[in-house]
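Trainee: Please take me slowly through a single part of this structure. I am new to it, so please explain each term as you use it.

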Amino acid sequence: VDGYYNWGGGLNELEVYGALINPPDPNIALHKPATASASYNSDYTPNHITDGLTKEVIWDDFTMWLLPNYTTGWVEVDLKGTYELNTIKFLNTHNRFHNDRAVTGWRIAVSTDRSVYTDIGSGQTAFSTTPEFQSLTVQRTKARYVRFYVDGYYNWGGGLNELEVYG
């Protein structure tokens with residue numbers, strides 16, 4: 001704004017046109033259906049891991065999937081088609097202000113037919129009240145189903161805030 005009238009200048013709207021030179025890959029798992037071995041209750045269903053919501057701040061932020069107390073298990077996304085994957089990202093939970101749940105041991109397996117699964121990665125994570133996305137790079141892996149196993153958990157149990165899949 002080079003000049004202004006009366007009390008000052010401003011901008012009401014700015015539109016920018018063009019194409020991204022290197023647009024990011026879309027999250028294939030976003031809003032895809034998810035199932036699980038079990039859930040803590042009906043507030044913490046598997047579909048929360050693909051809803052794109054990651055906020056865990058106040059008491060009614062039910063944006064994560066949680067397992068029942070003291071159990072291991074899995075959550076799985078149906079990508080609704082077979083894709084060649086290159087990256088899988090996941091965001092651990094801390095169960096909002098309770099800070100009493102998290103995945104500490106995990107494993108990821110994929111399948112094209114939901115009967116034969118191939119492990120593609122595993123690891124350990126530490127509990128954090130401010131978890132960050134973890135990333136697993138995979139090489140030319142074809143899959144329709146992506147299953148995240150909770151093999152270890154913090155305190156009351158495990159769960160997952162979000163699972164993203166790229167290809």
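Mentor: What follows is a close look at one strand and its surroundings.

The model is predicted, so local features need pLDDT of at least 70 and side-chain atom pairs count only at pLDDT 80 or more, while totals for chains, interfaces and linings use all residues. Residues are numbered from 1 along each chain as its sequence is written, and side-chain values use heavy atoms, with hydrogens and water left out.

The strand to look at is β4, which covers residues 101-111; strands here are DSSP runs of E with at least two residues, numbered from the N terminus. β4 pairs with β5 in the antiparallel sense over 6 bridges, where pairing requires that DSSP finds at least two bridges between two strands. The two strands form a hairpin with 6 residues between them, and in that turn R114 has a positive phi of about 65 degrees.

Within β4 you will find G105, and opposite this residue stands Q124 of β5. G105 counts as buried because its relative accessibility is 4%; buried means under 20% relative accessible area, exposed over 50%, and partly exposed in between, with a 1.4 Å probe and protein chains only. Setting aside neighbours within four places in sequence, G105 is in contact with G123, Q124, Y149, V150, D151 and G152, a contact being heavy atoms within 4.5 Å.

Just past β5, which spans 118-124, T125 sits in the loop that leads to β6. T125 is buried, with a relative accessible area of 16%, and a polar atom of its side chain lies 2.5 Å from the backbone oxygen of V103. Residues that T125 touches, not counting those up to four places away in sequence, include V103, T104 and W106.

W106 leads us to the aromatic rings. A pair of aromatic rings is described by the distance of the centres and the angle of the planes. Rings of Phe, Tyr and Trp (its six-membered ring) pair if their centres lie within 6.5 Å, with planes under 30 degrees apart counting as stacked, over 60 as edge-to-face and the rest as tilted. By this rule the count comes to 7 aromatic pairs. One of them joins W106 and F148, whose ring centres are 6.2 Å apart and whose planes meet at 10 degrees, so the pair is stacked. Because W106 lies in strand β4 and F148 in strand β6, the pair ties together parts that are 42 residues apart in sequence. W106 is buried at 10% relative accessibility, and F148 is buried too, with a relative accessible area of 0%.

F148 also belongs to a wider setting. The largest nonpolar core has 25 residues, and those with the most contacts inside it are L85, V146, F148 and L163; such a core is a set of buried Ala, Val, Leu, Ile, Met, Phe, Trp, Tyr and Cys residues joined through side-chain atoms within 4.5 Å. β4 supplies at least two residues of this core, as do β3 (73-92), β6 (134-155) and β7 (159-166). Beyond residues up to four places away in sequence, L163 touches V146 and F148, among others.

Finally, R101 of the 101-111 strand lies over the face of Y40, at 4.6 Å from the ring centre; a charge sits over a ring if NZ of Lys or CZ of Arg is within 6 Å of the ring centre and within 35 degrees of the ring normal. Y40 is in turn linked by ring pairs with Y44 and F62 into a cluster.

Note on methods
Helices (H or I, at least four residues) and strands (E, at least two) are DSSP runs, numbered from the N terminus. A polar contact is a pair of N or O atoms within 3.5 Å; within protein, one must be able to donate a hydrogen and the other to accept it, and residues adjacent in sequence count only if both atoms are side-chain atoms.
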